[in-house]
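Let's take a walk through the charged and aromatic side chains of this protein. Have the viewer ready, and follow along from one contact to the next.

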Amino acid sequence: MEINNIVTQFINTGNYTLSPINDGLINTTYLLEDLDQQKKFILQKINHSVFKQPEVIVSNHLMVNELLRSNNYEFQIIEPIPSLTGQLLVKDANDEPWRMLSFVENSITFLTVPSLQTAFEAAKAFSYFLNIVNTEKLPAIEDTLPHFLNFKKRIEDYKKALENAVPHLKESAKAEIEITNQLISLPEEWIEMEKSNLIPKRIIHADVKISNILFDQNHQPLAVIDLDTMMISTILYDFGTMIQSYTNTTHEDDGSAKNNFNPEMYEAVKKGFLFYLKEKLTPEEYAHLDYAAQVAIYIQEVRFLTDYLNGSVYYSTKYPEHNLDRTRNQLELLKGLRAYLSY
């Protein structure tokens, strides 16, 4: 069995259990328990089609961990575990990379935000993490997802998809296309601020969903996990995607959602995000938090709509209109946010 070969390269025993962890959308993740040592680990196959340079993920992770350790970081640190031959990446027969990570005992995760207090604690945990890693001199973090935050390219990709889409897809998405086109200038200020260096470059996590915080049984944060997407960009993106993720009262697949924006959650997340970062943010960053939330939701909506118009080739879908339902959900979320902010 192929996976058995991978496991034994890390723990050198066949006496183990392996349980899939299914809440990730990109990598394939397992809970591995070495029954000889009575120890648990995370075993993960990195999606090579998404992460073209998995070795960059590893080097970034090591650099960030060193930053955390050298700055008296109080949460638990997820450590890469080398194979028996000292390798942090092991290739399988299909040349797919695997890695093993330390496991945090007695931890729980949430797929959706269970309460305002938990949302505040999660945002505060990310605030603490980002404050710690953003020292005066940033390490040489490399981009694991080139062009991921290139919003100009996101809009160009959408326009190209719209131009080339088959007629029945454009007809089905007619209402969503109309709203998207009405808001097409929304990211322009963001693009200009980055181009003109009006907002500083910082280390960001870039995947600040609540499932990337490990909590204890009392819903207090234990660890920030999944550092694969860390990059140098604007910290506004982390705030914006936190709002996009936490304030939605429905699942993002729900295309019939109405009034799915939670303003109390918005304020809880903002309060948590600013807890450690308020003094570090520049006036420009602070002034653009509300704007960043709108742009993050809009860009996610554009990505769903682009994929739908392209024939759903990027996101995993379960039915033909799946990406269109996701688009509708994000548009409703954006509508609620803009109403709350009186845009």
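**Charged pairs and ring contacts**

The structure holds twelve salt bridges, and the model you are looking at is a predicted one. As a reminder, side chains of opposite charge can pair when their charged atoms come close.

A good place to begin is E79, which forms a salt bridge with R69; their closest N and O atoms are 2.7 Å apart. E79 sits in the loop between α2 (54-70) and β4 (80-81), while R69 belongs to helix α2, so this pair ties together parts that are ten residues apart in sequence. How open are the two partners to their surroundings? E79 has a relative accessibility of 27% and therefore counts as partly exposed. R69 is partly exposed too, with a relative accessible area of 41%.

Now move along the chain to E194 and K201, whose side chains meet in a salt bridge at 3.5 Å, N to O. Is E194 buried or exposed? Its relative accessible area is 17%, and since buried means under 20%, E194 is buried. Its partner K201, at 43%, is partly exposed.

A further salt bridge brings together the side chains of D207 and K209, at 3.9 Å from N to O. D207 is partly exposed at 21% relative accessibility, and K209 is likewise partly exposed at 23%. Salt bridges can also share partners, and in this way E66, R69 and E79 are joined into one network.

Let's turn to the rings. The count of aromatic pairs comes to 19. Take F120 and F275: their ring centres are 6.2 Å apart and their planes stand at 80°, so the pair is edge-to-face. Which parts of the chain does this pair link? F120 lies in helix α3 (residues 116-133) and F275 in helix α9 (residues 263-277), distant parts of the chain that are 155 residues apart. F120 is buried, with a relative accessible area of 11%, whereas F275 is partly exposed at 46%.

These two rings also belong to a wider group: Y73, F75, F120, Y128, F129, F275 and Y276 form one aromatic cluster.

Finally, charge and ring meet around the F120 and F275 pair. The charged end of K124 sits over the ring of F275, 4.4 Å from its centre. K271, in turn, lies over the face of F120, at 5.5 Å from the ring centre.

How values were computed: Residues are numbered from 1 along each chain as its sequence is written. This is a predicted model: local features need pLDDT of at least 70, side-chain atom pairs count only at pLDDT 80 or more; totals for chains, interfaces and linings use all residues. Side-chain values use heavy atoms; hydrogens and water are left out. A salt bridge is a side-chain nitrogen of Lys or Arg within 4 Å of a carboxyl oxygen of Asp or Glu. Helices (H or I, at least four residues) and strands (E, at least two) are DSSP runs, numbered from the N terminus. Buried means under 20% relative accessible area, exposed over 50%, partly exposed in between (1.4 Å probe, protein chains only). Rings of Phe, Tyr and Trp (its six-membered ring) pair if their centres lie within 6.5 Å; planes under 30 degrees apart count as stacked, over 60 as edge-to-face and the rest as tilted. A charge sits over a ring if NZ of Lys or CZ of Arg is within 6 Å of the ring centre and within 35 degrees of the ring normal.
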